[in-house]
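Hi,

Here is the structure I promised to pass on, so please open it up alongside this email. My notes on what turned up follow below it.

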Amino acid sequence: MPPSLTQRDLAVLWHPCGQMQDYHEFPPLEISSASGGWLTLTDGRRVFDAISSWWCKSLGHGHPRLREALIAQSTQFEHVILANTTNEPVVQFSERLLSAANGLPPNTWGSSAPLGRQAGHFGKVFFADNGSTAVEVAMKMAVQAQAQRGRPQRTRFAAFTHGYHGETVGALSVGDCGLYKDTFKSLLFPCTMLGPLPYRCGDLDPLWFDASAEWPAIQAQLHRITDDLAAIIYEPLLQGAGGMLLYSPDLLRRLRAWANAHHVLLIADEIAAGMGRCGAILASHHAGLDVLPDIAVLSKGLTGGFLPFATVLTTDAIYDTFLGDWASSRAFLHSNTYAGHALGVAVGLASLNAYAEEDVLNQVARNGPLLRQGLKQLAQQQPHYHNVRGLGMMAAVDLRRADGSPLNPANRTGWHVYRAAVERGALLRPLGDTLYLFPPLNTTPNEIAHALQALDDSVRAVLS
Ligand SMILES: Cc1ncc(COP(=O)(O)O)c(C=O)c1O
């Protein structure tokens, strides 16, 4: 008998972010194809991708427009060094992405958008090739900009408790997820973690737009480090890996005012929360277009999850601090081989077209609340569901004991729910004992109902 795919897999493959021994008990799912929200396994089963494959498949798998754009661009050129060269698609993509990030209406960044730059807060696009690297680009940009504004002592970062910014050493340093970070403590640089944050259950929370109770403590922490603070980095509104936590947009308004007064830069890591996930192209828009960050980092949904690709958007004011003759050493000397690769650009453009012309943000506004409402209804019948929350096309709930106390982490309830959910036709990937649904933005009401049912049946099967 030839070895099975699982046997061959386990002989050669080291899967990301997991204990490999687990796969001996519950083998990796064997994918044969994927379309829309659905994965088809080699044994014919269909499983709904309720986590958008690590939050990136904003338009579902195999979106026809994106696929066509990828194929068409590959017949022209797939990648040419972006230093020293330019091309029509990369310029057009930058123009249109800036318009979208500046909160302009879809007709200014869809396929019939006018050529040329439109006025708005963000003015320049820098390219990287994955989220973590783009976070590091943003941090380097902030430190260099501070130095070039005459504040070379400003090299410290502040970030938020429960934040997550990726896996490279710099990105881990500004993250606050001990599970991923603690082992590598010796490699990391110090970062001030601000908190507690004004956590809320979503935009229906009466205190959604009020962070007045939490702000004084955060401000006091900031005042202690102002003199050497380069930038504050945060996930706007939605902290993903730290537990799918939502906080008040009022905090971002307060941070903006404080940062302006103290010459500190703001970096919004929109990698998970952006590109429509929270109902707007940038989650930062929820705080108001008058308080946008100095730097915004995008990846994941930027190409509808087709390709590794990322952008760092910034203002003309920051960009201008990097101008000068060569001898001034002001240039931003960051390079990634695949920065701005043409395949990503082509799919990124097709993605913007799809967002604009398939009314994706309105689909989120219409159908996203079904996730929250559905979870809330389940929570009324289920004593184990605690703290239902949701925004845009995302909803989460913590599993607790019936008396409200935490489950024993050693029991790995979340992992057992993942296994049970696969048997019920849904791919979930709980964060500890936090369950969440984070499906493609164009998920239908029927698919939402399926995902909710699979989640609830799985919890019942595991906890009963
Ligand atoms: C908020 C946030 N920042 C950064 C990253 C890292 O992105 P990547 O996995 O592309 O390095 C992630 C990935 O999940 C993320 O959610």
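Strand E8 and strand E11 (residues 265-269) run parallel, joined by four bridges. In this pairing Ile232 sits opposite Leu266 of E11. E8 also has a partner in strand E5 (residues 156-160): three bridges join the two, and they are parallel as well. Here Ile232 of E8 faces Ala158. So if you want one residue to click on, try Ile232, with Ala158 across from it in one pairing and Leu266 in the other. How many of the residues of E8 (residues 229-234) are buried? Six of its six, so the strand is mostly covered.

Before you go further, bear in mind that this is a predicted model.

Next, the ligand. The shell around the ligand holds 15 residues, and the closest are Gly131, Ser132, Gly166, Ile271 and Ala272. Which element gives the largest share of that shell? Helix H6 (residues 131-148) does, with three residues. Sorted by class, the shell has seven polar residues, six nonpolar and two charged.

There is another sheet to look at, an open one. Its four strands come in the order E1-E2-E3-E16, and the pairing is mixed. Strand E1 (31-35) and strand E16 (426-427) are the edges, each pairing on one side only. Both senses of pairing show up around E3:

- Strand E2 (residues 38-41) pairs with E3 in the antiparallel sense, over three bridges, and Leu39 stands opposite Val47 of E3.
- Strand E3 (residues 46-49) runs parallel to E16, with two bridges between them, and Phe48 has Ala426 of E16 as its bridge partner.

E2 and E3 also make a hairpin, with four residues between the strands. Look at Gly44 in that turn, where phi is positive at about 95°.

Val47, in strand E3, is worth a closer look. Is Val47 buried or exposed? It is buried: 22 other C-beta atoms lie within 10 Å, and the cut-off for buried is 20 or more. Setting aside neighbours within four places in sequence, Val47 is in contact with Leu29, Leu39, Leu41, Val422, Gly425, Ala426 and Leu427. For contrast, take Pro114: it is 67 residues from Val47 in sequence, and the two C-alpha atoms are 41 Å apart in space.

On to a helix. H4 (residues 64-76) has 13 residues and spans 19 Å from first C-alpha to last, close to the 18 Å expected at 1.5 Å a residue. Its buried residues are Leu66, Ala69 and Gln73. Why do they line one face of the helix? Looking down the axis of H4, the buried residues fall within an arc of 60°, so they end up on one face. What they pack against is helix H12 (342-357). The face of H4 turned away from the buried side carries Pro64, Ile71, Ala72 and Thr75, which are exposed.

Last, a few backbone details that you may want to check by eye:

- Gly195 and Pro196 are joined by a cis peptide bond, with omega at about -10°. Pro196 belongs to the loop between strand E6 (192-194) and strand E7 (199-200).
- Met244 has a positive phi of about 50°, although it is not a glycine. You will find Met244 in the loop between strand E9 (238-239) and strand E10 (245-247). Met244 counts as buried because it has 24 other C-beta atoms within 10 Å.
- Met275 also has a positive phi of about 50° without being a glycine. This residue is in the loop between E11 and strand E12 (295-298). Met275 is buried too, with 31 C-beta neighbours inside 10 Å.

If you only have a few minutes, I'd start with Ile232 and its partner Leu266 in E11, then go to the residues closest to the ligand, Gly131 and Ser132 among them. After that, have a look at the cis peptide bond between Gly195 and Pro196.

Cheers

Note on methods: Residues numbered from 1 in each chain as written. Predicted model: local features only at pLDDT ≥ 70, side-chain atom pairs only at ≥ 80, totals over all residues. Near = placed C-beta within 6 Å. Nonpolar A, V, L, I, M, F, W, Y, C, P; charged D, E, K, R; others polar. Expected span 1.5 Å × (residues − 1). Buried ≥ 20, exposed ≤ 12 C-beta atoms within 10 Å, placed from the backbone. Arc of directions from axis to C-beta. Contact = placed C-beta atoms within 7 Å. Pairing = 2+ DSSP bridges.
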